[in-house]
Amino acid sequence: MQSVREEKSSSIDQEPRSCGDNSVWAHVSPLLSAACSDLHEGELIHGDNFNLFAAMSALEIMDPKMDSGMVSTFYSIDEAIESGFAPIPISSDRTVDVQCIIDIMDHLLACEATWHMGHSLAQTVFSCIYVLRPDRTSSHALLHSFCRVIRATCRALVSVLSDARTNEEEDLFTMTYGLPFNGDEDGKGLLLLNAVEETICRQLRACKATSSKRRVLEELEPLQTNPQLEEGFCKALLCRIRFRKHFLHALNCMRRPQGRGLELARKHIAYCIAELESVLSSVEFLSLETVENGKNEMEESTTGSGRHPIGFDPNLNKRLSAPTPPRAIKLLSWKKAIDYYVKLLHNLDQICAFKLEPDLDAVLQFVVQFQKSRPDLVARAHLQLLLVQDGKLYGRDTFLTICARSLALDVTKNHGLHLNEYILQLNQLMINLLKILCANTPWQRRKLGKILNDWSIFNVQMGITVGNMMQQVTTPRTPKNGDKSLLILNHIYGWLEEQIHWVALRFLVLGFDLELYSPSEYCMVYWYMYIILWKLAEKAHFRVLIIVHTEERKAKKKEDYSRDMAREDRISLWVLLLKCQTSLAQGLTVMIAALRNEGMCLKSQGPFNTENEKFVQHFGLLQKASLPKYDAYESFSESTCHARLDYLPVYECFRDAQKMAKEIKVGYANDPDKLAEVVGLEQVAEHNIIAVNLLCQDRSLKVSFEFIHHPHFATAVVRRS
């Protein structure tokens, strides 16, 4: 317990002075000096209202990491400028000037990547005085245009993240806190940079030209004074300028409504990737004139040359960075920053390559596949803004149209449905679902578990209403518009249950990605997956029947009607994949339960939680959503307590899964991602059949479960003790 000593303020010389706005400041240094001489280690001074909660947010005076008012190198940006910290030009020697500008460009790349990873904009990109005060660089065309484009890029990214509202899920600061962020001249940065690029291109051609051609270009001033270094510096600058230019173009194209700029964005992204390769190849030239550094120092450097850049101080804006103590920031190295941008560009290219079809199954499949690469926040924000625009998919199709298309229904003549209360609620649920699926994995799983209850409540309410409406239609008569609307609502109600189980399955498999399940809990996890998969496959199969019936009815009415056989085959193949996964989950459940019952595998027991408590901790959100509608733990216990290794269904489940996987591979021959997943499922089934045979022959073998062939379905690995 820390003690408190009361000091009499009358014994300390204080000279209050007015600072305007009814504020009175007092010099506190004498008070602190007197207190320090009397306090022992572990003691502190505090007021009567000080408590433990206040201690958690208290600031330690004179601690550089805590006290944002503590003076570091400069009091202000103006003082730094007056002291010559960021000179214009950087050097009177034009060769040195060009070298320093390239270092500034490289360091800004590292700062920007670090900002993307969750650090403050004020302490990363805007730690550069040239970016903070671009008006000072107007006499230096190269530096001025580059800084303007950097600012415009930051503004574009802040706009994307703010519109997607994804900055709340992670620690990325989109607040500017008084930084000079919205300069009117920044929009002209690309025009200025194009002019600079053209000039450097001419300088590069001049240094490559033969003596006869060089006479024609004599009036063109070279980039710097050393002819032997001219070509290398021109190339190093051009690749950095072009990357910056194409990157901003790509971001702007991706923001065009309804995905109209995606094709053009892909071209700019391809240019960006090519220019980054040139940036990397320039390292050898840039490091020639550098004092030899150790290998580790070069690896951690924030510039390609290994030199320290001029004009950067992360403490300049620490008072503006946030209303909290400034963080200690470790910038990404230059090479790691380039690796980050390569990954980001590939993720953005994936988004641009996605075919914007009004097919919800394709959208969900793409988002799940996209998330497997663990994309960063910037890429996920762009994906979300592409999928959801103005409350519609891609900004074009309402979710009623999308849902109806999944069932092969026509809603063009049922305009009243768009205003139906349940359709409006469903529209909002679908928007929320797509936004959640674009979040990072931990946030995504947490939110999916919570919205399951919303979907379940909505499903019950819609079921009651549709059921009552169906009972009122008792007399057979010619179908009218109202009857057609009711039929569509009824089919959407059935489709809704399928989506609920899809969300539940996604919730369960994300637990494997986050490593939330211990090996002793695999049995209950696979049991729950089996229950959800079985119901999901049943609902999906029912949807196939609806589609086939609807298509056949349309074909009878119109002789020239062309059925969408590709869609029917695609959904039927997905149903078969679900059945394959169902058999695998069932086989793993029985296999692990048998190993537990025969003492060959640890049970889910510990000193703190019983198996029932762990069951509730993992699946409480599913049970709250009535998935399943009966006592899940009791059913799990009853279905696994008598399992044995020689139990025939263990073999049958894995053999069925293996057989279905072989059939599915043919259908997914042209889809590499799906084909790889199915091959993994087949290998899991094959190896688990072998493992069960070995364990039946020798019960002394040791068994463990590893995710060798598939990230969510474990393979039994058998070893001798």
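Alanine, valine, leucine, isoleucine, methionine, phenylalanine, tryptophan, tyrosine, cysteine and proline count here as nonpolar, aspartate, glutamate, lysine and arginine as charged, and the others, glycine among them, as polar. These classes will serve below, where the lining of a cavity is described. The structure shown above is a predicted model.

The overall composition of the protein chain comes first. The protein chain contains 25 helices and six strands. Its length is 721 residues, and 49% of these count as buried. Among the contacts in the protein chain with a separation of 6 or more, 75% are made by residues 24 or more positions apart.

The interior may be approached through its empty space. Rolling a probe the size of a water molecule over the atoms shows where such space is left. A search of the whole structure yields three cavities of 30 Å³ or more. The volume of the largest cavity is about 70 Å³. Which residues line the largest cavity? They are Met-105, Asp-106, Leu-109, Phe-146, Arg-240, Phe-243, Arg-244, Leu-276 and Val-279. Two or more residues of this lining come from each of helix H4 (94-116), helix H9 (227-254) and helix H10 (262-281). By the classes given at the start, the lining of the largest cavity holds six nonpolar residues, no polar ones and three charged ones.

One of the lining residues, Arg-240, also leads to Ser-282. Ser-282 lies in the loop between H10 and helix H11 (283-286). With residues up to four places away in sequence set aside, Ser-282 touches Ala-236 and Arg-240. Ser-282 has a relative accessible area of 9% and therefore counts as buried, the limit for a buried residue being under 20%.

Helix H7 offers a simple check of geometry. Helix H7 runs over residues 189-208, and at 1.5 Å a residue its 20 residues should span 28 Å. The C-alpha atoms at its ends are 29 Å apart, which agrees with that expectation. Which residues of H7 are buried? The buried residues are Gly-189, Leu-190, Leu-193, Val-196, Glu-197, Ile-200, Cys-201, Gln-203, Leu-204 and Ala-206. In reading such a list, it helps to recall that an α-helix has 3.6 residues a turn, so residues three or four places apart point the same way.

Further along the chain, helix H17 (residues 421-437) contains Leu-433. Is Leu-433 buried or exposed? Leu-433 counts as buried because its relative accessibility is 0%. Beyond residues up to four places away in sequence, Leu-433 touches Leu-448, Ile-451, Trp-455 and Val-503. The C-alpha atom of Leu-433 is 9.5 Å from that of Gln-444, a residue 11 places from Leu-433 along the chain.

A further example is Tyr-651, which is located in helix H24 (residues 648-667). Tyr-651 is buried, since its relative accessible area is 13%. Apart from neighbours within four places in sequence, Tyr-651 is in contact with Leu-645, Val-692, Asn-693 and Cys-696. Asn-693 is 42 residues from Tyr-651 along the chain, and the C-alpha atoms of the two are separated by 9.0 Å. The side chains of Tyr-651 and Asn-693 are joined by a polar contact of 3.3 Å.

The backbone also deserves attention at several points in the loops. The peptide bond from Ile-88 to Pro-89 is cis, and its omega is near -10°. Pro-89 belongs to the loop between helix H3 (77-82) and H4. Another cis peptide bond, with omega about -5°, joins Leu-627 and Pro-628. Pro-628 sits in the loop between helix H22 (611-624) and helix H23 (632-640).

Positive phi values in residues other than glycine complete the account. Ala-408 has a phi near 60° and is found in the loop between helix H16 (399-406) and H17. Glu-515, which is not a glycine either, has a positive phi of about 55°, and Glu-515 lies in the loop between helix H19 (481-513) and helix H20 (522-557). How does the accessibility of each residue classify it? Ala-408, with a relative accessible area of 3%, is buried, whereas Glu-515, with a relative accessible area of 71%, is exposed.

Note on methods:
Residues numbered from 1 in each chain as written. Predicted model: local features only at pLDDT ≥ 70, side-chain atom pairs only at ≥ 80, totals over all residues. Heavy atoms only, no water. Helix = DSSP H or I, 4+ residues; strand = E, 2+ residues; numbered from the N terminus. Expected span 1.5 Å × (residues − 1). Buried < 20%, exposed > 50% of the residue type's maximum accessible area, 1.4 Å probe, protein only. 1 Å grid on protein atoms, 1.4 Å probe; cavity = no way out; pocket = protein on both sides within 12 Å on 5 of 7 lines; lining within 4 Å. Points joined across faces, edges and corners; volume = space filled by probe spheres on them. Contact = heavy atoms within 4.5 Å. Polar contact = N/O pair within 3.5 Å; in protein donor to acceptor, adjacent residues only side chain to side chain.
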